[in-house]
Amino acid sequence: MFIVAFVTSRLTLRVREQADGARRRERSTAALFRLSRDLVHERGIERLSAIATKHISAVFSQNTVILMPDDQGRLLAPAGEPGSSALDERELSVAQWALGHRQKAGMGTDTLPGAKWLYIPLVASSRTVGVIGIRSDDTAGSFEPEQIHVLENFANQVAMASKGHCWLRKLNMPF
């Protein structure tokens, strides 16, 4: 009876963990859908950044910032955006590395792990249009692989929306 009870409890635990994982994936998918829906209706880099920051902050309950390069390709912390005042020169240099190398960098990665923020580049086909920075308030100071995957999906959506904005600007179309 002990063996049957042990096996049953292990199977119940496994089913519960799978159900929790399915709920997390459903919430992530719903959040990604809401982000995509809101980005489709907006134009302007500032507005796209605000929408993306709002959605990412809502899902992760963390400080989030979208960094876009200036005409010389340098990333600038947007004035007045929550969390941007916490980005010093060191943090901006990590974000600049992520932009230039098209790879995530910072906290929880193998690249420049001493940073306080995680930086994920916004890669749109042939170029990188910006960087998402997110800071974990977790005492462990890193994100789980599933969370990073969700962040990368958010970054892809924002990059596609930003790329569309850039094409409209090149074509001199109103936005």
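## The second largest pocket

In this predicted model, the second largest pocket (an open set of points on a 1 Å grid over the protein atoms alone, where a 1.4 Å probe fits, with protein on both sides within 12 Å along at least five of seven lines) is lined by R24, R27, S28, V59, F60, Q62, E144, E146, Q147 and V150, lining residues being those with an atom within 4 Å of a point. Helix 1 (2-40), helix 2 (45-60) and helix 4 (145-170) each give two or more residues to this lining, helices being DSSP runs of H or I with at least four residues and strands runs of E with at least two.

## The nonpolar cores

The largest nonpolar core, a set of buried residues (under 20% relative accessible area, 1.4 Å probe, protein chains only) joined through side-chain atoms within 4.5 Å, has 28 residues, and those with the most contacts inside it include L35, I56, I134 and L151. Its largest share, eight residues, comes from helix 4. Apart from this core lies another of 14 residues, among them L75, L87, A98 and W117.

Leaving aside neighbours within four places in sequence, I134 is in contact (heavy atoms within 4.5 Å) with residues including I56, F60, Q62, W117 and L151.

## Overall fold

Four helices and five strands make up the secondary structure, and from the N terminus the elements run α-α-β-β-α-β-β-β-α. Of the 175 residues in the protein, 38% are buried.

## Basis of the values

Residues are numbered from 1 along each chain as its sequence is written. Local features need pLDDT of at least 70 and side-chain atom pairs 80 or more, while totals for chains, interfaces and linings use all residues, and side-chain values use heavy atoms, with hydrogens and water left out.

Key:
Buried means under 20% relative accessible area, exposed over 50%, partly exposed in between (1.4 Å probe, protein chains only).
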